[in-house]
Amino acid sequence: MKIAFGLCFIVLVSIAYASDPGQLQDFCVAVPDPKMLMLCLYVVFVNGKFCKNPNMVVAEDFLFQGLNKAGNTSNQLGSFVTPVNVNQLEGLNTLGVSMARLDFAPYGINPPHTHPRATEAFLLMEGTLYVGFVTSNPADPAQKNKLFTKYLYPGDVFVFPQGLIHFQFNVGKTNAVAFAGFGSQNPGTITVANAVFGSDPKINPDVLAKAFQVEKNIIDYLQAQFWYNNN
């Protein structure tokens, strides 16, 4: 037992003095092995994906094909995102980068959302987009969250800082195409409306009515809608 206690102490001390790694997934739920529990060795943290044996790696592990193909924008948003992150391209694991193609029908929108684990560099190739992001809550409660917006034209690049709510809206009468680069192998996406009104199970409508300062029947209506996820 002294050995087990010593091992536990070393593990806890090492955790206490180590900085947190950058998140690569929302959470990692550990399943302790009862046999290892006595030695306190079940505290193993995985942040990302397990690695393939280097001797088994092939060139195809670093290849993704098809980003030249337009996504299907016939949905309620009029937009489609084709992601290329570690879930589609295994070779990106641990490299800290990923990308996506975004297609917009006329007046299509990529609604307000955030990427909790990455800054986004956004390049417009075709069309005209109205884009923007909102800052986090200011230190001075008398100030408001600041909105930064811009109209983009082919060849323009706009940056969305990590974790901040942002959007893209096609203001033109033709299709628009853009490509985005992310500073994470798995940037994650939280679409604001979907998360707030389309969660499963639903958030107590009394909570949302109070938070948004509206009548409960408005929240009931919003929660009854179908919320399309644009990854």
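What follows is a conversation between a biologist and a modeller about a predicted model of one protein.

Biologist: How many helices and strands does the protein have, and what share of its residues is buried?

Modeller: The protein has five helices and ten strands, and buried residues make up 33% of its 231 residues. Among the contacts with a separation of 6 or more, 74% are between residues 24 or more positions apart.

Biologist: Why is N194 called buried or exposed?

Modeller: Buried means under 20% relative accessible area, and N194 has a relative accessible area of 10%, so N194 is called buried. This residue lies in helix 3, and, if its neighbours within four places in sequence are left aside, N194 is in contact with S199, W227, Y228 and N229.

Biologist: And what makes K69 buried or exposed?

Modeller: A residue counts as exposed over 50%, and K69 stands at 59% relative accessibility, so K69 is placed in the exposed class. K69 lies in the loop between helix 2 (34-37) and strand 1, and, apart from neighbours within four places in sequence, K69 is in contact with R101 and D103. From C-alpha to C-alpha, K69 and D103 are 9.7 Å apart in space, while 34 residues separate them in sequence.

Biologist: Which class does K49 fall into, and how do you know that?

Modeller: The class between the two cut-offs of 20% and 50% is called partly exposed, and K49 has a relative accessible area of 42%, so K49 is partly exposed. The place of K49 is in the loop between helix 2 and strand 1. K49 touches V86, N87 and N93, not counting residues up to four places away in sequence. Along the chain K49 and N93 are 44 residues apart, and their C-alpha atoms are separated by 6.9 Å.

Biologist: How do you know that the buried residues of helix 4 line one face of the helix?

Modeller: The buried residues of helix 4, which spans residues 205-212, are P205, L208 and A209. Seen down the helix axis, these buried residues fall within an arc of 100°, so they line one face of helix 4. On the other side of helix 4, K210 and A211 are exposed. What covers the buried residues includes helix 3 and helix 5 (216-223).

Biologist: What makes strand 3 and strand 8 a pair?

Modeller: Two strands pair if at least two bridges are found between them, and three bridges join strand 3 to strand 8 (residues 166-170), so these two strands count as a pair, and they run antiparallel. In this pair, H113 stands opposite H166 in strand 8.

Biologist: How many bridges does strand 3 have with strand 10, and why is that enough for a pair?

Modeller: There are two bridges between strand 3 and strand 10, and the definition asks for at least two, so the condition is met and the strands pair in the antiparallel sense. Here T114 stands opposite I190 in strand 10.

Biologist: Which strands stand at the edges of the five-stranded open sheet, and why are they called edges?

Modeller: The five strands of this open sheet come in the order 6-5-8-3-10, with antiparallel pairing. Strand 6 (147-152) and strand 10 each have a single partner strand, so one side of each is left without a neighbour in the sheet, and these two stand at the edges. Strand 5 (residues 129-134) is joined to strand 6 by six bridges, and the bridge partner of G132 in strand 6 is T149.

Biologist: What makes strand 4 a partner of strand 7 and of strand 9?

Modeller: With at least two bridges needed, strand 4 (residues 120-126) has four bridges to strand 7 (residues 157-160) and six to strand 9, so both count as pairs, each antiparallel. The bridge partner of A121 in strand 7 is V159, and that of E126 in strand 9 is V177.

Biologist: What lines the largest pocket, and which class of residue has the highest count there?

Modeller: The largest pocket holds about 550 Å³ of space and is lined by 31 residues, of which G188, T189, I190, N230 and N231 lie nearest its centre. Strand 2 gives the most to this lining, with four residues. The lining has twelve nonpolar, 18 polar and one charged residues, and polar is thus the class with the highest count.

Methods. Residues numbered from 1 in each chain as written. Predicted model: local features only at pLDDT ≥ 70, side-chain atom pairs only at ≥ 80, totals over all residues. Heavy atoms only, no water. 1 Å grid on protein atoms, 1.4 Å probe; cavity = no way out; pocket = protein on both sides within 12 Å on 5 of 7 lines; lining within 4 Å. Points joined across faces, edges and corners; volume = space filled by probe spheres on them. Nonpolar A, V, L, I, M, F, W, Y, C, P; charged D, E, K, R; others polar. Buried < 20%, exposed > 50% of the residue type's maximum accessible area, 1.4 Å probe, protein only. Contact = heavy atoms within 4.5 Å. Arc of directions from axis to C-beta.
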